[in-house]
Amino acid sequence: MTVTTACVVCHSALWHDEAGRLACRRCTLRISDDLAALPSLYEQLGGALMPGSGAGGPAVSGSRTAPLPLRLAPLSLSARGGVVTVLQTWLVDWHEALGYRHPRWEGDLVGQCRQAVARLQLLLPWAAEEHCAIEEFAAEIRQLRGQCVAQVTGERPVRTVAVACPCGATLRITLDTLGRRCGCGGQYGREELLSLPLAERRQVAA
């Protein structure tokens, strides 16, 4: 078995006492923070369903029932197939990898969200050390949090910029990007990514 020397999430070198882990402690804490924010954000999505809500403006109706048409973005996040389903899918995957019984869901979707997050938090230390898809999990949980925040608060998405790898490839990153692997095999941590030159417009268009 190959011992990892760099975090698969941010691609920074692991400390000596982190050797063999897949995700460094800093990234593990960040994943945990993103998970912890989801239950409250998920509960608030219900109030963002009405047109005019979720972006700092007043709702267009004083009725307790959301008028039609509902805002589709928060609806897709709050309904089955959205946040809760994504969390439960990952939890099932982790249980299968560990040989545990299939998890059971109880209560409404808000309750199920809290249950899934609590269980994922419990298993996160194991996943950070051994789960081969921890990088994908970290990215998906961060994306879910960003999507929920955008719908609840109206906060604009973080701006994406294109930087150039020495091989000529274009990498799209944000100020929140912890690390990125280029198709040429090059691995960049956050500081290394931010030090790369901006890609020329013709590269981005290509």
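In this predicted model, the cover over the buried residues of α4 includes α1, α3 and α5. The buried residues in question are Gly111, Gln112, Cys113, Ala116, Val117, Leu120, Leu123, Leu124, Trp126, Ala127 and Ala128. Helix α4 itself has 22 residues and spans 29 Å from its first C-alpha to its last, close to the 32 Å expected at 1.5 Å a residue, although α4 also bends by about 50° at Leu123, with a proline, Pro125, following within four residues.

The surroundings of α4 lead on to the largest nonpolar core, which has 43 residues and in which Leu87, Trp94, Ile134 and Phe137 touch the most other members. At least two residues of this core come from each of α1 (25-44), α3 (83-98), α4 (109-130) and α5 (134-153), and the largest share, 9 residues, is supplied by α4. Trp94 shows how such contacts run: leaving aside neighbours within four places in sequence, Trp94 is in contact with Leu120, Leu123, Leu124, Trp126, Ala127, His131 and Phe137.

A second, separate core of 8 residues has among its members Val163, Cys165, Leu193 and Leu196. As a general background to both cores, nonpolar side chains in soluble globular proteins tend to be buried together.

Leu194, which lies in helix α6 (residues 190-195), does not count as buried, because its relative accessible area is 41%, where buried would require under 20%. When residues up to four places away in sequence are not counted, Leu194 touches Ile173 and Leu175, while Leu194 and Val161, 33 residues apart in sequence, are 10.0 Å apart in space from C-alpha to C-alpha.

Conventions
Residues numbered from 1 in each chain as written. Predicted model: local features only at pLDDT ≥ 70, side-chain atom pairs only at ≥ 80, totals over all residues. Heavy atoms only, no water. Core = buried A, V, L, I, M, F, W, Y, C linked by side-chain atoms within 4.5 Å. Buried < 20%, exposed > 50% of the residue type's maximum accessible area, 1.4 Å probe, protein only. Contact = heavy atoms within 4.5 Å. Expected span 1.5 Å × (residues − 1). Bend = angle between axes of the 7 residues up to and from the residue.
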